[in-house]
Amino acid sequence: NMNQNVQKYSNSNWGGIGVITKPGTTGAGATRSTTVINYPTKVAFNDQAVAIIYSETPSSSETSTKNGSIAIGGASDHGGLDTTIDFNSSSAKRLYENIYTTQKAFAALNKDGSIISWGHTDFGGSGAPTGTGYSKIYSTNSAFAALKSDGSISVWGDSSNGGSGAPTGTGFTKIFSTATAFAAIKSDGSVSVWGDSNNGGSGAP
C-alpha cells in the first residue's frame, strides 16, 4: 500500500525481504534491516535493487518530518547497499523528491535541484554534476542526463551510451532516450542527439 508502507518480497539479494537499508539512521552504510518503510512517496527499481523515498515521524530529538529520506535494498553493485553516502544527513536530509535509474545505478534529485548518484560506476553510479538548479533526470541503460532550469544539460555514466557528448549551451526544454542514446529538444524546436550512433545517437533532423 503506497499510502502506508512497503513490504519486501522475492529474492533477498535483489531487494527482497530483509534487505531494506535506511542509510543515515545509524550513519553511512547502515546495516541491512527488516524495517518496514513507512509512507513511501517514490519507489524505483533497477535490475537488482530498489530505492525508496519515504516519510516518517521524526524521533524526539528531531524537529521536522522526514518527508524525503531515502532507503535502499538489493544487490550492492546495483546500488542496493552503499557505504559511502549518508543519504539523509546534513542540509540534504529529508528533501529528496524523485529517483531515477539505469540498469545498475540510481540518481536522486533533491528539492534544491542538487543530485546524488550511487551504484555501479560504469552505469552512472558516480560522476553526477555538482551544484543545484537541476529540474529533471533522464536515463539510458547505463547513463544519466540532467536538465537544468536554464536549459543546460549535464551527463554522466557510460560514454558510449550517452554519458558524454551532450550539447552545450542553454535553452533545452526536454530530453528523450532510447536504450543507448539521448535526444534533446530546444525551445526553438531544434534537436540535438548523442550516444550510440546505431540507436539514435546521430542523424537528427
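**An all-strand arrangement in a predicted model**

From the N terminus onward, the elements of the chain follow the order β-β-β-β-β-β-β-β-β-β-β-β-β-β, so named from a predicted model, and the assignment accordingly comprises 14 strands and zero helices. The mean pLDDT of the chain is 78, with 68% of the residues reaching 70 or more. Over residues 1–35 the pLDDT is below 50, although in the model this stretch has 100 contacts beyond near neighbours in sequence. The pLDDT is likewise below 50 over residues 60–65, a stretch for which eight contacts beyond near neighbours in sequence are found in the model.

Of the 205 residues in the chain, 44% are buried. Among the contacts in the chain with a separation of 6 or more, 44% are accounted for by residues 24 or more positions apart. The area exposed by the chain is about 9,300 Å², of which carbon and sulfur atoms supply 46%.

Strands S6, S7 and S8 form an open sheet of three strands in the order S6-S7-S8, and the pairing within this sheet is antiparallel. Strand S6 (96–101) and S8 stand at the edges and have a single partner strand each, so that one side of each is left without a neighbour in the sheet. On average, and with direction ignored, neighbouring strands of this sheet are turned by 20 degrees against each other. The antiparallel pairing of S6 with S7 extends over five bridges, and Ile 99 is placed opposite Ala 108 in S7.

The loop between strand S7 (105–110) and strand S8 (115–119) contains Ser 114, whose side chain is joined to that of Asp 112 by a polar contact of 2.6 Å. When residues up to four places away in sequence are not counted, Ser 114 touches Ala 108, Leu 109, Gly 131 and Thr 132. Ala 108 thus appears both among the residues touched by Ser 114 and as the residue in S7 that Ile 99 stands opposite.

Towards the end of the series of strands, Ser 197 lies in the segment that comes after strand S14 (191–195). Ser 197 counts as partly exposed because its relative accessibility is 45%, a value in the range between the limits of 20% for buried and 50% for exposed residues. A distance of 10.0 Å separates the C-alpha atom of Ser 197 from that of Gly 162, these two residues being 35 residues apart along the chain.

Note on methods:
Residues are numbered from 1 along each chain as its sequence is written. This is a predicted model: local features need pLDDT of at least 70, side-chain atom pairs count only at pLDDT 80 or more; totals for chains, interfaces and linings use all residues. Side-chain values use heavy atoms; hydrogens and water are left out. Helices (H or I, at least four residues) and strands (E, at least two) are DSSP runs, numbered from the N terminus. Buried means under 20% relative accessible area, exposed over 50%, partly exposed in between (1.4 Å probe, protein chains only). pLDDT is the predictor's confidence in each residue, from 0 to 100. Contact means heavy atoms within 4.5 Å. A polar contact is a pair of N or O atoms within 3.5 Å; within protein, one must be able to donate a hydrogen and the other to accept it, and residues adjacent in sequence count only if both atoms are side-chain atoms. Accessible areas come from the Shrake-Rupley method with a 1.4 Å probe; for residues, only the protein chains shown count as cover. Two strands pair if DSSP finds at least two bridges between them. Axes are lines fitted to C-alpha atoms, for helices over the stretch in contact, and angles run from 0 to 180 degrees between N-to-C directions.
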